[in-house]
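Here is a friendly walk through a single protein model, written for someone who thinks at the bench. Keep the structure open beside you and follow along.

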Amino acid sequence: MLDMEPMTRQEELHSIYWEMFKDAYGYRPRGIDTSAWTEQRFAAEFEVLGEMIDKQEVQRRIAEHEAAHAFEMRIQSILACGAKDREMALRWIHEAEGSNGDDEFLCYLVGLPYRYFAKVA
């Protein structure tokens, strides 16, 4: 059984900063020494990072909405080209994208929201 020591407040703040930075920019911070930062400095950084995360979320939702529209237009185009139904069109798209029938991987490949194909119960 691991006996882990609790984090110091400085370590906790550093950990929060580390995760928020990744959420805001998509990569971990490098070369940033937070060892001398005060709680006020962390709070100011958290505010800036929070604003960036919010902006990224808005951009992600817009991009997913646009991807969903483009995907549905692609389905319609494939149906017009001879697919007998939506399921066949989806199979053709899976083949073209190399997703091996994995709907969630297809979502990733074409920028659709996660669980786009999930059936609503």
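## N100 and the loop around it

N100 is exposed, because its relative accessibility of 78% is over the 50% cut-off. N100 sits in the loop between α3 and α4. Its backbone is worth a look too: phi is positive at about 55°, although N100 is not a glycine. Please keep in mind that this is a predicted model.

The loop has other features to find on screen. Right after α3 comes G98, whose phi is positive and near 75°. At the other side of the loop, D102 caps the N-terminal end of α4. The cap consists of a side-chain oxygen of D102 lying 3.0 Å from the backbone nitrogen of E104.

## Helix α3 and its cover

Helix α3 covers residues 86-97, which makes 12 residues. From its first C-alpha to its last it reaches 16 Å, close to the 16 Å expected at 1.5 Å a residue.

Which residues of α3 are buried? They are M88, A89, L90, I93 and H94. As background, an α-helix has 3.6 residues a turn, so residues three or four places apart point the same way. The cover over the buried residues of α3 includes α2 (39-80) and α4 (103-110).

## After α4

Just after α4, G111 takes a positive phi of about 80°. Further on, R115 lies in the segment after α4. R115 also has a positive phi, near 65°, and is a residue other than glycine. Is R115 buried, partly exposed or exposed? With a relative accessible area of 48%, R115 is partly exposed, since exposed would need over 50%.

## E64, a buried glutamate

E64 is found in helix α2. It counts as buried because its relative accessibility is 16%, under the 20% cut-off. What does E64 touch, apart from its neighbours within four places in sequence? The contacts are G111, L112 and P113, so you can trace them from G111, the glycine with the positive phi just after α4.

Closer in sequence, the side chains of E64 and R60 are joined by a polar contact of 2.7 Å.

## Salt bridges

Side chains of opposite charge can pair when their charged atoms come close. In this model the count comes to nine salt bridges.

One of them joins the side chains of E39 and R9, at 3.5 Å from N to O. This pair links distant parts of the chain, with E39 in helix α2 and R9 in helix α1, 30 residues apart. Both partners are partly exposed: E39 has a relative accessibility of 42%, and R9 has 41%. Another salt bridge is formed by E19 and R28, whose closest N and O atoms are 3.1 Å apart. Here E19 counts as partly exposed at 38% relative accessibility, while R28 is partly exposed with a relative accessible area of 25%.

E72 and R86 also meet in a salt bridge between their side chains, at 2.8 Å from N to O. Because E72 lies in helix α2 and R86 in helix α3, this pair ties together parts that are 14 residues apart in sequence. E72 is partly exposed at 25% relative accessibility, and R86 is partly exposed at 31%. There is also a network: salt bridges that share partners join E57, R60, R61 and E64.

## Along α2 and at the surface

To get a feel for helix α2, pick A44, which lies in it, and then S77. How far apart in space are A44 and S77, C-alpha to C-alpha? The distance is 50 Å, for two residues 33 apart in sequence. A44 counts as partly exposed, because its relative accessibility is 44%.

Finally, look for a nonpolar surface patch of about 300 Å², made by Y25, Y27 and V48. Y25 belongs to helix α1 (residues 9-25). With a relative accessible area of 35%, Y25 is partly exposed.

Conventions: Residues numbered from 1 in each chain as written. Predicted model: local features only at pLDDT ≥ 70, side-chain atom pairs only at ≥ 80, totals over all residues. Heavy atoms only, no water. Helix = DSSP H or I, 4+ residues; strand = E, 2+ residues; numbered from the N terminus. Expected span 1.5 Å × (residues − 1). Buried < 20%, exposed > 50% of the residue type's maximum accessible area, 1.4 Å probe, protein only. Contact = heavy atoms within 4.5 Å. Patch = residues over 30% accessible without salt bridge, like charges linked within 9 Å, V, L, I, M, F, W, Y side chains within 5 Å. Areas by Shrake-Rupley, 256 points an atom, 1.4 Å probe, with all protein chains shown as cover. Salt bridge = Lys/Arg side-chain N within 4 Å of Asp/Glu carboxyl O. Polar contact = N/O pair within 3.5 Å; in protein donor to acceptor, adjacent residues only side chain to side chain.
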